[in-house]
Amino acid sequence: MKDSAPGTVYLSDYAPFGWLIESVHLEFDLDPDATRVKSRIVFSPNLNSPEQEFFLHGENLKLISARIDGTAISPRITREGLTCPVPDGEFLFEAEVEINPAANTALEGLYLSNGMFCTQCEAEGFRKITFYPDRPDVMAVFTVAINGSAGVLLSNGNPGPRGAGHALWHDPWPKPSYLFALVAGDLVAHSDRFTTASGRRVDLNIWVRPGGDEDKCAFAMGALKRAMQWDEQVYGREYDLDVFNIVAVDDFNMGAMENKGLNVFNSAAVLASPETSTDANFERIEAIIAHEYFHNWTGNRITCRDWFQLCLKEGLTVFRDAQFTANMRSAPVKRIRDVIDLRARQFPEDNGPLAHPVRPDHFQKINNFYTATVYEKGAEVIGMLKRLVGDKAYAEALELYFARFDGQAITIEDWLSVFEDVTRRELCQFLRWYTQAGTPRVSVKEEYDSGTYTLTFTQSTPPSAASPVQRPQIISIAVGLLGANGDEVVPTQMLELTKDSQSFTFEGLSGRPVPSILRDFSAPVILEHEISDAERAFLLAHDTDPFNRWEAGQALARETLCYMATSDARPNPDYLEGLRTVLRDDSLDPAYRALMLGLPGESEIALALSAHGIIPDPEAIHAARERLLDALAEALAGDLPALLDANAVRERYSPDAAQSGRRALFTAALALWSRRDGGARAASEYAAADNMTLQLGALGALLAVGRGEAETAAFYEQWRHERLVIDKWFAIQISHAAPDAAVAKTRALVQHPDFNWKNPNRFRAVLGALAGNHGGFHSRDGRGYALFADWLLTLDPVNPQTAARMCTAFQSWRHYDGGRQMLIGAQLDRIATAGGRSKDMAEMIARIRAARPQ
Ligand SMILES: [Zn+2]
């Protein structure tokens, strides 16, 4: 189908670029309002491409001059780029353009952040810097000269000669333009060194603004060295330049960017200290540092042929960073957190109007496809592939991948080919994980007859606009069987479901077993298994698989919340009793027990009700969750004081897994205990806290019970000069506000002098927190929707990328009642018909509006 909006790009239309690039020389004369960029590019014909017009991308560029082989030319310039006649063979193209970094608020291309020049080119930002074939399959060796008065001058690759006001960089590894980077400004480095397995000495630098941030780099530096070593040990990948630079930037649309040899990071994803960062911040920083570093091989050395293949680099790199975190910390805890995140962000996407395959086949703005589906489901798919072929074949396939495709821009089919070659198994059915949208439902039926036990699985995926016809997937299902006393009678086996319906038989059992299905969440599916509460409670008490043990508790909590939100049902006593047993088990990791105490979120309950054909009522869901929390606090009242004492950390602060696990259990227990003592203990913990994890945990506990006004004011005074802490201050007030107060709180905070809405971190801290306050966002009078839409419309002309991504707050709108659908629909109409919307926003709103009532 090609009848959608003009400007849509299709995977099926792919054709290679008509020319190859031998080398690129760029020279920047930096100036905030009028930066000059001179380019010298040697093109030669690409004999593998169809005949085509010579076209270079370019947007918002003022062309000063252009030459081919030294002769001035007058190319035709459009809004998208440049065309001109070119010679038949090899030729030298030269251009000089002028750009205005100070006016660039979209934060794509070259822009200014607090007076610092920096770039963001992925996906299509390089075309805002100079005329170029700005597509990932054009790989070239770059040499970059920078002239400017601004302190430190950085680009990709290895440093060449430099002096006052100029620097030269040469990157010997061919790369696509989206990996280009330039940073210039008043910066200081936190430096270290790493020696690779083969003895290459690499200078490591984390660059920050002078005056305050220098002492917040040590943790990220340690994480970088751990990541470099891990990639050598586990994947056999060494770093390949003399220097690895990281720069912290305050105004950044994403978490971080893996530019070759010059990673650019959102300050929030690199700067950390115990006083200003939570344990969760530390863990996230370690993961993002590793993620961007791992891209050096999975993304940079081997890159994507076109942007439809984005999951080639992102799915694999997310999978690798998850393996790294599991190795550095606790594997079960990491797995559970990833599944919580998948269910909160990817499942709603996969089951709503924004559903798309892991490898989409069309888009208008690729920026709108940096999604949980491409990243997180993309990683799940690789985890499943590894389970299906086994660890040994996975390792062999990756070796072959790096050997065969180094220096190339490739596709998902290329990726799967190395697994086919190593295992001699055809993977065309597996490819459906990349081409079909939607979350498969797997239902299971059990049968037991004199020692023989049979599990019958049936799979189906609801059709959607993105995937009208769904065919059966290969699904890896890890199953173990437990005996009546909790012993494992059949250890974990990997079953392969390939058909719509399939049975698997276990012989020689001495009694009817209790099955533990989808262990370690072995596939990104929704498991529909009707078992009794007693059996779930049994699994909660006995399952030897830590993921499924947690999952049994979650299933009980989810079901009891669904009942409580639709009736005056009391909390399930089996759940409360089971949880108490787990909590008392000191042999269990505190981080794991803290996760056990976590209840499913309100939006997850809304989607669960909707899946059962019940229209969710956000107020009733919030009230039910509050009642369950009160019941938990009551049921555990006898245990909480001892739990608090046992898990109070008295040692010097460390963000390691063991200490942060104890703090996680401590703050979870503190939040429950505040429901018993009215927040007295939390207030004293707040006063005594010497680290941000406890300070924020205590403040959250106070706000959740309607207290904490004085502490909130004091927090601001204490941290008003720490921008990343003030982001937290904005967010926590809104996320912990009662549903009927969240909109008023947001209205008050957008008036605050520190609400700098042009900074993406600050915008997300406030408006993202509103969207995350389920009851407040969905307040019956529609004020939450209206306020949110106002701000999307305000941000869009300034920063379309961030505005468009935040539209996802509306994606589940068809699950709600007619009144709310009318209110949301009116806001979507208002945005759709507003003048001057970006292409990014227009595409997102059109896709969300297309949703049919459910
Ligand atoms: Zn990435």
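A residue is called buried here if its relative accessible area is under 20%, exposed if over 50%, and partly exposed in between, with a 1.4 Å probe and protein chains only. Helices (H or I, at least four residues) and strands (E, at least two) are DSSP runs, numbered from the N terminus.

The model is predicted: local features need pLDDT of at least 70, side-chain atom pairs count only at pLDDT 80 or more, and totals for chains, interfaces and linings use all residues. Residues are numbered from 1 along each chain as its sequence is written, and side-chain values use heavy atoms, with hydrogens and water left out.

**A four-stranded sheet**

Strand 16 (residues 182-185) is covered on both faces: Leu182 and Ala184 on one side are buried, and so are Val183 and Gly185 on the other. Strand 16 belongs to an open sheet of four strands in the order 10-11-16-13, with antiparallel pairing. The edge strands are strand 10 (109-113) and strand 13, each of which pairs on one side only. On average, neighbouring strands of this sheet are turned by 20° against each other, direction ignored; the axes behind this angle are lines fitted to C-alpha atoms, for helices over the stretch in contact, and angles run from 0 to 180 degrees between N-to-C directions.

Strands of a sheet pair through backbone hydrogen bonds, either parallel or antiparallel. Two strands are taken to pair if DSSP finds at least two bridges between them. Strand 13 and strand 16 pair in the antiparallel sense over four bridges, and valine 152 stands opposite glycine 185 in strand 16. Strand 11 (residues 116-120) pairs with strand 16, also in the antiparallel sense, over two bridges. Two residues facing strand 16 are phenylalanine 117, opposite alanine 184, and cysteine 118, opposite valine 183.

In strand 13 (residues 152-155), Val152 and Leu154 point one way, Leu153 and Ser155 point the other way, and all are buried.

**The zinc site**

The zinc ion is coordinated by His291 (NE2), His295 (NE2) and two OE atoms of Glu314, listed as Glu314 (OE) and Glu314 (OE), at 2.0 to 2.7 Å. Donors are N, O and S atoms within 2.8 Å of the metal (3.2 Å for Na, K and Ca); water is not among the atoms, so sites may look incomplete. In sequence, the donor residues follow the spacing H-x3-H-x18-E. The angles among the four donor atoms run from 53 to 153°, and the site is irregular. Four donors count as tetrahedral if all angles lie between 85 and 135 degrees; four count as square planar and six as octahedral if opposite donors are over 155 degrees apart and all others between 65 and 115; anything else is irregular. Histidine 291 is buried, with a relative accessible area of 7%, and histidine 295 is buried at 0%.

**Core and contacts**

A nonpolar core is a set of buried Ala, Val, Leu, Ile, Met, Phe, Trp, Tyr and Cys residues joined through side-chain atoms within 4.5 Å. The largest nonpolar core has 273 residues, of which Tyr401, Trp415, Phe430, Tyr434 and Phe457 touch the most other members. Contact means heavy atoms within 4.5 Å. Not counting residues up to four places away in sequence, tyrosine 434 touches residues including Cys311, Pro357, Arg359, Ile412 and Trp415.

Phenylalanine 763 lies in helix 22 (residues 760-772) and is buried at 1% relative accessibility. Residues up to four places away in sequence aside, phenylalanine 763 touches Phe755, Trp757, Gly768, Trp791, Leu795 and Met806. Phenylalanine 763 and histidine 362 are 401 residues apart in sequence and 29 Å apart in space, C-alpha to C-alpha.

Threonine 83, in strand 8 (residues 81-83), is buried with a relative accessible area of 9%. Leaving aside neighbours within four places in sequence, threonine 83 is in contact with Glu53, Phe54, Phe55, Pro75 and Arg76.

**Backbone exceptions**

Most residues other than glycine have a negative phi, and most peptide bonds are trans. Two residues with positive phi are listed below.

| Residue | Phi | Loop | Relative accessible area |
|---|---|---|---|
| Aspartate 69 | near 50° | between strand 5 (62-68) and strand 6 (71-72) | 45%, partly exposed |
| Arginine 424 | near 55° | between helix 7 (412-423) and helix 8 (432-435) | 78%, exposed |

A cis peptide bond, with omega about 0°, joins glutamate 122 and alanine 123. Alanine 123 is in the loop between strand 11 and strand 12 (140-147).
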